[in-house]
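Me: Please take a close look at a single part for me: the core. Then show me what lies around it.

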Amino acid sequence: MAGIASRRLQKELKEIHTQGCPVGIQLLNADNFEEWHLSLEVMGESQYQGEVFALKFRFEPQYPISAPAVQFIINEKYKAPVHPHVYSNGHICASILGNEWSPVLSVIGVCVTLQSMLASCKKKERPPDNDRYVMHAPDNPKKTRFHYHDDTV
Amino acid sequence: MKVTIKNWNAIAQWRWDIGKEFDETDDEDLCGICRVAYEGCCPRCKMPGDDCPVLWGECGHVYHMHCIMQWIEQQPPNKQNCPMDRKPWITAERKTANTATQQTQAVQS
């Protein structure tokens with residue numbers, strides 16, 4: 001049987017193709033229903049003016065009941081944004097990707113939330129525990145039990 | 001002018017009574033979890049209808065029963081919330097008695 005994830009992702013893909021992405025968000029790669037890549041840019045004045053980031057979404061067969069694993073891509077072309085909730089390995093400490101995930105959220109919904117997380121950043125800095133976390137971090141950020149920092153950053 | 005009806009076919013259309021007027025352009029007639037129309041069925045079912053009913057929360061949000069139950073069952077007991085408003089999910093029992101409304105129209109041919 002086709003997993004519930006592929007059915008739901010098909011619908012999201014169709015919506016992206018018919019309605020387009022919100023400003024600053026672009027679909028880079030959605031060739032299968034396991035992993036999608038999107039680019040993310042903060043529009044207007046922000047700490048990240050002129051910077052373009054890329055996000056990797058990994059889906060389990062139970063998506064959207066289970067949250068996607070979302071992280072910033074780091075390669076020759078892309079870097080992780082310097083932000084108090086983003087670790088230098090691209091992992092993101094955001095409650096909506098963990099215990100505040102809701103199955104009515106979507107790929108684009110997550111992108112928009114992360115876009116506004118970056119937009120509201122006042123000071124570019126790494127999380128205080130960055131080095132310790134990155135040294136022992138699992139490959140999949142969903143395996144991390146994040147302690148969520150404040151919601152104001 | 002005199003018209004003789006030689007033949008007619010009845011066509012019936014059904015939909016769940018989700019407590020508001022039907023609006024074909026309204027996106028909110030989709031289950032927020034699977035994004036399939038309420039009148040369709042959840043991704044695990046093959047046939048829409050009584051085997052794949054919709055469920056109302058006390059909060060007024062509606063989902064396919066199978067979708068919302070799958071979400072609730074995998075949540076810890078203190079977090080069994082409506083995905084839309086994150087309030088504790090309480091199924092509105094009284095609304096499930098009166099489920100389908102029917103619109104029947106005769107089409108002449």
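The reply below starts with the core and then turns to its surroundings.

Reply: First, some ground rules. This is a predicted model, in which local features need pLDDT of at least 70 and side-chain atom pairs count only at pLDDT 80 or more, while totals for chains, interfaces and linings use all residues. Residues are numbered from 1 along each chain as its sequence is written, chains are lettered from A and ligands numbered from 1 in the order in which they are written, and side-chain values use heavy atoms, without hydrogens or water.

Now the core. The largest nonpolar core (buried Ala, Val, Leu, Ile, Met, Phe, Trp, Tyr and Cys residues joined through side-chain atoms within 4.5 Å) holds 61 residues. Which members touch the most others? They are A:W36, A:L55, A:F57, A:F72, A:I92, A:V107 and B:I33. Buried here means under 20% relative accessible area; exposed means over 50%, and partly exposed is in between (1.4 Å probe, protein chains only).

Which elements feed this core? Helices (H or I, at least four residues) and strands (E, at least two) are DSSP runs, numbered from the N terminus. In chain A, helix 1 (4–19), strand 2 (35–41), strand 3 (52–58), strand 4 (69–72) and helix 2 (107–119) each supply at least two core residues. In chain B, strand 2 (54–56), strand 3 (62–64) and helix 1 (65–73) do so too. Helix 2 of chain A gives the largest share, seven residues. A general point fits here. In soluble globular proteins, nonpolar side chains tend to be buried together.

Take A:L55, one of the core residues just named. What does A:L55 touch, leaving out residues up to four places away in sequence? Contact means heavy atoms within 4.5 Å. A:L55 meets A:W36, A:H37, A:L38 and A:L40. A:L55 also meets A:V70, A:Q71, A:F72 and A:I73. A:I92, A:C111 and A:L114 complete the list.

Next, A:W36, another of the core residues with the most contacts. A:A30 touches A:W36 and also A:L13, with residues up to four places away left out. Where is A:A30? This residue lies in the loop between strand 1 (25–29) and strand 2 of chain A. A:A30 has a relative accessible area of 17%, so it counts as buried. A:Q47 is 17 residues from A:A30 along the chain, and their C-alpha atoms are 29 Å apart.

Strand 2 of chain A also holds A:S39. Is A:S39 buried or exposed? At 6% relative accessible area, A:S39 is buried. Again skipping residues up to four places away, A:S39 touches A:G24, A:I25, A:Q26 and A:L28. A:S39 touches A:V52, A:F53 and A:A54 as well.

Now cross to chain B. Chain B has one helix and four strands. From the N terminus on, the order is β-β-β-α-β. The buried residues of helix 1 of chain B are B:C67, B:I68, B:Q70, B:W71 and B:I72. What covers them? The cover includes helix 1 of chain A, along with strand 2 and strand 3 of chain B. Over the whole of chain B, 36% of the 109 residues count as buried. Where the two chains meet, 17 residues of chain A are in contact with 16 residues of chain B.

Charged side chains pair up too. A salt bridge is a side-chain nitrogen of Lys or Arg within 4 Å of a carboxyl oxygen of Asp or Glu. Over all chains the structure holds seven. Two of these lie between chain A and chain B. One of them joins A:E100 and B:R86, with the closest N and O atoms 3.4 Å apart.

Helix 1 of chain A returns here. A:E12 and A:R8 meet in a salt bridge at 2.9 Å, N to O. The two are four residues apart in helix 1 of chain A, so about one helical turn separates them. A:E12 has 4% relative accessibility and is buried. A:R8 is buried at 1%.

A:E51 and A:K124 form another salt bridge, at 2.7 Å, N to O. This pair links distant parts of the chain, 73 residues apart. A:E51 sits in the loop between strand 2 and strand 3 of chain A, and A:K124 in the loop between helix 2 and helix 3 (130–136) of chain A. A:E51 is partly exposed at 25% relative accessible area. A:K124 is partly exposed at 34%.
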